[in-house]
Amino acid sequence: MDAFSYDLRGLKCPLPVLKTRRKLSSMTSGALLRVETTDPLAGIDIPHFCKEDGHALLETVKTETGHRFLIRKR
């Protein structure tokens, strides 16, 4: 299954989490979402959001400009 890529670079807290939540709500269960961020707080906020909402955080990668996350919708 291919992951849908979602570019949230340039957005500041809380927008990366809010937009990730909205995007996941429109996706089917088990779908993969790859999120790119530049907000330093996303490294804390996205994992916390996934845990709270029951999504599987499959991968977290620190990039030159921020973070990349791979999330499987619950």
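This briefing describes a cavity, an aromatic pair, a cis peptide bond and several individual residues in one protein structure. The model is a predicted one, and every value below is computed from it. The structure holds one cavity of 30 Å³ or more, and a search of the whole structure finds one aromatic pair. In the record, an unreviewed UniProt entry, residues 6–73 are listed as "domain: UPF0033".

**The annotated span**

- The span that UniProt lists for "domain: UPF0033" in an unreviewed entry covers residues 6–73, and its composition in the model is 34% helix and 32% strand.
- The C-alpha atoms at the two ends of residues 6–73 are 14 Å from each other.

**The cavity and its lining**

- The largest cavity has a volume of about 30 Å³, and its lining is made up of Cys13, Pro14, Pro16, Val17, Asp39, Ala42, Asp45 and Ile46.
- Two helices, helix 1 (15–25) and helix 2 (42–53), each contribute at least two residues to this lining, and the largest share, three residues, is supplied by helix 2.
- By residue class, the lining of the largest cavity consists of six nonpolar and two charged residues, with no polar ones.
- Asp45, one of the lining residues, is located in helix 2, and it counts as partly exposed because its relative accessibility is 23%, which falls between the limits of 20% for buried and 50% for exposed.
- The C-alpha atom of Asp45 is 13 Å from that of Leu11, a residue 34 positions away along the chain.

**The cis peptide bond**

- Most peptide bonds are trans.
- The peptide bond from Cys13 to Pro14, however, is cis in this model, with omega near 10 degrees.
- Pro14 belongs to the loop between strand 1 (4–8) and helix 1, and both Cys13 and Pro14 are among the residues that line the largest cavity.

**The aromatic pair and a nearby charge**

- The one aromatic pair found in the whole structure is formed by Phe4 and Tyr6, whose ring centres are 6.4 Å apart; the pair is tilted because the ring planes meet at 45 degrees, which is neither under 30 degrees, as stacked rings would be, nor over 60, as edge-to-face rings would be.
- The two partners are classed separately by accessibility: Phe4 is partly exposed, with a relative accessible area of 38%, whereas Tyr6 is buried, with a relative accessible area of 18%.
- Tyr6 also has a charged partner, in that the charged end of Lys23 sits over the Tyr6 ring at 5.1 Å from the ring centre.

**Residues in strands 2 and 4**

- Thr37 is part of strand 2 (residues 32–37) and counts as buried, since its relative accessibility is 1% and the limit for a buried residue is under 20%.
- The C-alpha atom of Thr37 is separated by 5.5 Å from that of Gly66, although these residues are 29 residues apart along the chain.
- His67 is part of strand 4 (residues 67–72) and, with a relative accessibility of 12%, likewise counts as buried.
- His67 and Leu41 are 26 residues apart along the chain, and 9.7 Å separates their C-alpha atoms.

**A proline within helix 2**

- Pro47 lies in helix 2, where it is partly exposed, with a relative accessible area of 26%.
- Between Pro47 and Thr60, which are 13 residues apart in sequence, the C-alpha to C-alpha distance is 8.5 Å.

How values were computed:
Residues numbered from 1 in each chain as written. Predicted model: local features only at pLDDT ≥ 70, side-chain atom pairs only at ≥ 80, totals over all residues. Heavy atoms only, no water. 1 Å grid on protein atoms, 1.4 Å probe; cavity = no way out; pocket = protein on both sides within 12 Å on 5 of 7 lines; lining within 4 Å. Points joined across faces, edges and corners; volume = space filled by probe spheres on them. Helix = DSSP H or I, 4+ residues; strand = E, 2+ residues; numbered from the N terminus. Nonpolar A, V, L, I, M, F, W, Y, C, P; charged D, E, K, R; others polar. Phe/Tyr/Trp six-rings, centres within 6.5 Å; stacked < 30°, edge-to-face > 60°. Buried < 20%, exposed > 50% of the residue type's maximum accessible area, 1.4 Å probe, protein only. Lys NZ or Arg CZ within 6 Å of the ring centre and 35° of its normal. UniProt positions renumbered as here; feature names shortened; annotations may be inferred.
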